[in-house]
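Subject: Structure for your review

Dear colleague,

I am passing on the structure below and would be grateful if you could read it alongside the notes that come after it.

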Amino acid sequence: MADILTIGSSKYNVKLRRTGSNFTIDVGDEISEGHFSRKSDGRLEIILNGNRTIAYSDKKGNEIYVHLNGINYFITKKSMRVSGQISEEVSDDVVLSPITGKLLDKKVEDGTKVSKGEVIIILEAMKMEHRLISPRDGILSKLTLVDIGGQVKEGELMFELEDE
Amino acid sequence: MFTKILVANRGEIACRIIKACQEMRIKTVAIYSNIDSESPHVMMADESVEIGPANPLESYLNFDKVINAAKETNSEAIHPGYGFLSENGEFAQYVIDSGLIFIGPDPETIRLMGDKAESKKKMIDAGVPTIPGNHGELSGNIDAIARDIGYPLMVKAAAGGGGKGMRVVFSPEELESAIDAAKNEARNSFGNDTLILEKFLDSPRHIEVQILGDNHGNIIHLFERECSIQRRHQKIIEESPSPAINNKIRKMMGDAAIKAAKVANYKNAGTVEFLYQNGNFYFLEMNTRLQVEHGVTEMVCGIDIVKWQIKIAYGEDLTLSQKDIKQRGHSIECRIYAEDPSRNFLPTPGIVHKLILPEGPGVRNDVGISEGQEVTSAYDPLLAKLVVWDSDRNSAIDRMDNALANFVILGLITNQPFLRDIMQNKYFQKCSFSTKFVDEHYANWTHPVIPVELMVAALLGTKSSSSALVQKSTRDPHSPWSSKGGWRLGN
């Protein structure tokens, strides 16, 4: 049983086995051993290669939040039976909204030929504009049906590209 | 002194102002939109009034709702904080016309300084150095005006501030789309899309001078703040004193700031912003309000600016004179934003699952969030301001780096690792930077090497949010839920 941890734009294939307070972790075939203890205030003490680290973590569904050395990480976890087969769900044919916010403008319509770098959609969140550009040349399709002024959610499909 | 003040703001600055009032034994009234009902500022104030939906135009920016809340609660004065209505001259006038006191300068002063073109003219007349650019409204042949000023140039909202409604234009082809974008942002942020064009200095520093003036014509400055570390014209790290200028320039800048404030008949706290390059400084704008970064000045000068704002608004004399004001030691502020530095600083709304603030000598937290609170995309992504003080700059940098490491927030991605990276950057440490620092050194920031400990923590951490909270509450020995063997009444 392995887990795939997504941290930022990187994916890691991780196997962790624990026995009592000891653990063995295998990250991309690099194996380390250590031990840990959970503290009452939510801290997690990890001793790895003789170094002591304090982490804080919390979890909601597949989302894991970890604070480690002044960095707040947002990690998503997927479990899989056989290691090694990681499917990439997102290609450059599909553009999802990177944020939750307001749709300010749609610059082109479905069926239009667009070129790489062209602005397709303008979003606004926290009073700043975010421009979604076309990742490649192609024909625009499945442009979001959200009206201008409406709300979009992070991860929502904004548009797709088809080959000419 | 006032007996009750309404704080017309939210987040960390509302909390900061409420604390000052509490120490002065003044009662406070918080206002909030319906999604802010559990925000810390609402909990801290003596009274609170809901003033409408999340959209600021229907709540925090709505004149009548704010004034009615003040009247309903018998507040005598309104403190606007920064942002929202703080630099709205019409609002200040409306407050006065409603028989209340506006904690800030006169409406005429706000209007004058809010009009970037008009204020620049006034500064030129007063002999304060300014940046070359167009005077008055931008109209007629814009391409020709732009050509006269010369590229690169800056398009900015006449009513602007805080990096909103601003665009740098390097060539004539980019001008039109930059003007459109700036107009849009300006209209959405300030309700006014008037723009001005200005020469763009290629590697300036942003240095500003804090001003305090009373209602009787006394004006002093509280020295400068270095605010060159910015991203997209939004300040992220500020410090005082500025490591870039010597005492001679420091004095010239202070004198120029006082001159600027006097021309504007300035009352209350304000900030004169300058761009500084190669020994010259130019008036950029005057912010007629409390600044986000006022804390670093308070730390080195030992003066509470918010309390002075309140005393001055009440009509008290400024009892400080210029020679009383000394800069002592060094202070740095880092703005902690809900932004993901590894994904081009996208805003990252979410729920605050855990919050542990760093503490210790010389560490100050100005915070506007609490555990359990949802940080939404409706407002500014500023979560907290971490401010440190130490005897010298190097020690202050080390103190900040350590404090950032101990600032724990779970549930939101923040820019903390990026801030730590800057604290450890040798150009930052050597004071070798301009406002282009972030673009020059951090065009594509990514996380440093992901440590194995992170994977361990991710897989061995607490089971779930709710169980962690239950576990925490059962630590109370007096809680009936804590005893495994059952508890007996009257035992």
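The notes below take up the contact between the chains, the cavities and some backbone details.

This is a predicted model, in which local features need pLDDT of at least 70 and side-chain atom pairs count only at pLDDT 80 or more, while totals for chains, interfaces and linings use all residues. Residues are numbered from 1 along each chain as its sequence is written, chains are lettered from A and ligands numbered from 1 in the order in which they are written, and side-chain values use heavy atoms, with hydrogens and water left out.

To begin with the interface, chain A and chain B each bring 52 residues to the contact, where contact means heavy atoms within 4.5 Å. The area buried between the two chains is about 5,000 Å², with 66% of it given by carbon and sulfur atoms; buried area here is the accessible area (1.4 Å probe) that two parts lose on being put together, summed over both. On the side of chain A, the residues that lose the most area to chain B are Asn72(A), Met126(A) and Lys127(A), which together make up 17% of what that side buries.

Between the chains there is one salt bridge, a term that requires a side-chain nitrogen of Lys or Arg within 4 Å of a carboxyl oxygen of Asp or Glu, and it joins the side chains of Arg343(B) and Glu154(A) at 3.9 Å, N to O. Eleven residue pairs, both members at pLDDT 80 or more, are in polar contact between chain A and chain B; this means a pair of N or O atoms within 3.5 Å, where within protein one must be able to donate a hydrogen and the other to accept it, and residues adjacent in sequence count only if both atoms are side-chain atoms. Strand 6 (residues 51-60) of chain A gives the largest share of the side of chain A that touches chain B, namely seven residues, with strands being DSSP runs of E of at least two residues and helices runs of H or I of at least four, numbered from the N terminus.

Turning to empty space, there are five cavities of 30 Å³ or more, a cavity being a set of points on a 1 Å grid over the protein atoms alone where a 1.4 Å probe fits but cannot get out, with lining residues having an atom within 4 Å of a point. The largest cavity holds about 200 Å³ of space, and of the 15 residues that line it, Met128(A), Arg231(B), Gln234(B), Glu339(B) and Pro381(B) lie nearest its centre. Strand 13 (128-133) of chain A and strand 11 (234-240) of chain B each supply at least two residues of that lining.

Finally, the backbone of chain B has a cis peptide bond from Tyr151(B) to Pro152(B), with omega near -5°, and Pro152(B) lies in the loop between helix 7 (142-149) and strand 6 (153-161) of chain B.

With best wishes

Methods: 1 Å grid on protein atoms, 1.4 Å probe; cavity = no way out; pocket = protein on both sides within 12 Å on 5 of 7 lines; lining within 4 Å. Points joined across faces, edges and corners; volume = space filled by probe spheres on them.
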